[in-house]
Amino acid sequence: MDVSDECNLKFLELIAKSNSRFIIFKVENQEVVVEKLGIPDEAYEDFTASQPASERRITVFNFDFITDQNFQKSKIFFFSLSPFFKGRSKVVYASSEDRFKSQLDGIEVELQATDSSEMSLGILKGRTL
């Protein structure tokens with residue numbers, strides 16, 4: 001499974017330039033590709049609404065938050081959204097995801113979810129502590 005150069009480039013731009021709020025990746029023709037970029041002012045709700053309900057996706061989200069000490073911070077979340085399904089597609093995504101994740105330097109939190117309810121804003125906030 002290959003990873004397109006665009007995937008790594010867009011991830012590095014998300015970290016260094018904050019020119020995207022999130023990136024949704026998918027496996028297409030045996031390659032991980034960028035499916036959608038979220039513009040910087042999009043909210044978390046826009047991110048979760050962009051997730052397909054019945055298809056597996058790999059996503060990253062740049063989450064801005066205020067600490068208990070009143071400091072502005074951000075963390076890069078890596079999501080594996082995998083609706084319940086079986087078969088070859090599940091195996092292809094699992095192997096692609098592990099390889100792809102190992103190439104992304106800057107992931108701070110990883111979450112697995114079977115639907116968008118398992119990646120609620122409350123869960124993100126809880127993982128920032």
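**Figure 1. Met119, a buried loop residue in the predicted model.** Met119 is buried in this predicted model, with a relative accessible area of 0%; buried here stands for values under 20%. The residue sits in the loop that runs between β6 and α4 (121-127). Leaving aside residues up to four places away in sequence, Met119 touches Tyr44, Phe47, Thr48, Gln51, Phe79, Leu81, Ala113 and Leu124. For Phe79, one of these contacts, the C-alpha atom is 8.3 Å from that of Met119, although 40 residues separate the two along the chain.

**Figure 2. Thr59 in strand β4.** Thr59 belongs to strand β4, which covers residues 57-66. Its relative accessible area is 0%, so Thr59 counts as buried. The contacts of Thr59, apart from residues up to four places away in sequence, are Ile23, Ile24, Phe25, Phe47, Gln51, Phe77, Phe78 and Phe79. Among them, Ile23, Ile24 and Phe25 fall within β2 (22-28), while Phe77, Phe78 and Phe79 fall within β5 (residues 72-81). Phe47 and Gln51 are touched by Thr59 and also by Met119.

**Figure 3. Leu111 and the two faces of strand β6.** Strand β6 spans residues 109-113, with Val109, Leu111 and Ala113 on a covered face and Glu110 and Gln112 on an uncovered one. Side chains in a regular strand alternate between the two faces of the sheet. Leu111, a residue of β6, has a relative accessible area of 7% and is therefore buried. Its contacts, not counting residues up to four places away in sequence, are Phe77, Phe78, Phe79, Ser80, Ile123, Leu124 and Arg127. Ile123 and Leu124 are touched by Leu111 and lie within α4 (121-127). Leu124 is also a contact of Met119, as is Ala113 from the covered face of β6. Between Leu111 and Val60 the C-alpha distance is 10.0 Å, with a sequence separation of 51 residues.

**Figure 4. Strand pairing in the sheet.** The six strands form an open sheet in the order β1-β3-β2-β4-β5-β6, and the pairing is mixed. The edge positions are taken by β1 (2-3) and β6, each of which has a single partner strand, so one side of each lacks a neighbour in the sheet. Strands β4 and β5 pair in the antiparallel sense over 10 bridges, and Ile66 stands opposite Gln72 in β5. Strands β5 and β6 run parallel and are joined by five bridges. In β6, Val109 is the bridge partner of Phe77.

**Figure 5. Helix α1 and its buried side.** Helix α1 consists of 13 residues, 5-17, and reaches 17 Å from its first C-alpha to its last, close to the 18 Å expected at 1.5 Å a residue. Cys7, Lys10, Phe11, Glu13 and Leu14 are its buried residues. They cover an arc of only 160° around the axis, which puts them on the same side of α1. Exposed residues on the face turned away from that buried side are Asp5, Leu12, Ala16 and Lys17. The helix lies across β1, β2, β3 (31-38), β4 and β5, and runs at about 35° to β3.

**Figure 6. Two loop residues with positive phi.** Ser18 follows α1 and lies in the loop between α1 and β2. Its phi is near 50°, a positive value in a residue other than glycine. With a relative accessible area of 40%, Ser18 is partly exposed. Asn70 occupies a place in the loop between β4 and β5. Asn70 is not a glycine either, and its phi is positive at about 70°. Its relative accessibility is 63%, so Asn70 counts as exposed; the cut-off for this class is over 50%.

**Figure 7. Overview of the fold.** The protein has four helices and six strands, which follow the pattern β-α-β-β-α-β-β-α-β-α along the sequence. Of its 129 residues, 45% are buried. Among contacts between residues at least 6 apart in sequence, 63% join residues at least 24 apart. The accessible surface comes to about 7100 Å², with 49% of this area belonging to carbon and sulfur atoms.

Technical notes. Residues are numbered from 1 along each chain as its sequence is written. This is a predicted model: local features need pLDDT of at least 70, side-chain atom pairs count only at pLDDT 80 or more; totals for chains, interfaces and linings use all residues. Side-chain values use heavy atoms; hydrogens and water are left out. The expected span of a helix is 1.5 Å times one less than its number of residues. Buried means under 20% relative accessible area, exposed over 50%, partly exposed in between (1.4 Å probe, protein chains only). The arc is that of the directions from the helix axis to the C-beta atoms. Two strands pair if DSSP finds at least two bridges between them. Contact means heavy atoms within 4.5 Å. Axes are lines fitted to C-alpha atoms, for helices over the stretch in contact, and angles run from 0 to 180 degrees between N-to-C directions. Accessible areas come from the Shrake-Rupley method with a 1.4 Å probe; for residues, only the protein chains shown count as cover.
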